[in-house]
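The following report describes the fold of one protein chain and a few of its side-chain pairings. Please read it alongside the sequence and the coordinates shown here.

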Amino acid sequence: MEKKKKLARKRFAIKNDKGEYIGKIPNVSLVTTPAIEKNYALFNEAAPKRMNFQVSNEERMEITGIAMSPDQDILRFDRDNKEYYYCFFTKSDIRDYRDYFMQFGNTKEANFEHGSEYMDDFFVSESWIITDPNNDKMNALGFKDIKEGDWCLTYRCTNREIWEQVKSSSLAGFSVEIELDYFKEEKIKAILYNTEMTDQEKEEAIKDIVFK
């Protein structure tokens, strides 16, 4: 029997060893199937249908969920090599992503299913990293299996019509948009311009652009 090939685990860091950003987050999208497999909570009367708890805050029209979770394997497909692999982020990486998004990302708008239409009817009202899972407010919202290092977001909607659409849709969680092409381009440039590496070392390094 042919032994199945073990999928590679690749770490995607948004900063290089010098602390410089080598990737970016343009937006966070509301999606039907979030990659990290954690749904968000709708702060309204429909919450019990999606979560094992009850929350009532219809007036503020808010949704809360986990945007990124550390050391979780996320299946991805490399179109260049035509191979599947697992992408993951460390606690430190997630803090860097959170910092970038809060400083440079589109915190005053969102999109649906990674679409091209951005809505300024949604804005980030809260952003935090869980440090004590046993005492974090995510427990009160009914979230299970939260862990240290999870990045949590609360979005507030300011458009009642869109809010009603979100409540009646199958949207279930957040998906962080990360421009990996930019990430790869900047990483390759850093390798090519590295005067301390031989041509052979550069060639080998470029074959594996992302960290393992």
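A residue counts as buried under 20% relative accessible area, as exposed over 50%, and as partly exposed in between, with a 1.4 Å probe and protein chains only. On this scale, 44% of the 212 residues of the chain are buried. The model is predicted, so local features need pLDDT of at least 70 and side-chain atom pairs count only at pLDDT 80 or more, whereas totals for chains, interfaces and linings use all residues. Residues are numbered from 1 along each chain as its sequence is written, and side-chain values use heavy atoms, with hydrogens and water left out.

**Fold.** Taking helices (H or I, at least four residues) and strands (E, at least two) as DSSP runs numbered from the N terminus, the chain has four helices and 10 strands, arranged along the sequence as β-β-β-β-β-β-α-β-β-β-α-β-α-α. Where a contact means heavy atoms within 4.5 Å, 70% of the contacts with a separation of 6 or more are between residues 24 or more positions apart.

**Salt bridges.** A salt bridge requires a side-chain nitrogen of Lys or Arg within 4 Å of a carboxyl oxygen of Asp or Glu, and by this rule the count is eight. The table lists three of these pairs.

| Pair | N to O distance |
|---|---|
| Asp 93 – Arg 11 | 2.8 Å |
| Lys 91 – Glu 148 | 3.7 Å |
| Glu 126 – Lys 137 | 2.4 Å |

The salt bridge between Asp 93 and Arg 11 links distant parts of the chain, with Asp 93 in helix α1 (residues 91–104) and Arg 11 in strand β1 (residues 9–11), 82 residues apart. Asp 93 is buried, at a relative accessible area of 1%, while Arg 11 is partly exposed at 27%. In the salt bridge of Lys 91 with Glu 148, Lys 91 lies in helix α1 and Glu 148 in the loop between β8 and β9 (151–157), 57 residues apart; Lys 91 is partly exposed at 39%, and Glu 148 is partly exposed at 41%.

**A buried acid without a salt bridge.** Asp 121, in the loop between β7 (111–112) and β8 (122–129), is buried yet has no salt bridge, the nearest side chain of opposite charge being Arg 160, 12 Å away (Lys and Arg count as positive, Asp and Glu as negative; His and the chain ends are not counted). Leaving aside residues up to four places away in sequence, Asp 121 touches Arg 156, Cys 157, Thr 158, Asn 159 and Ile 162.
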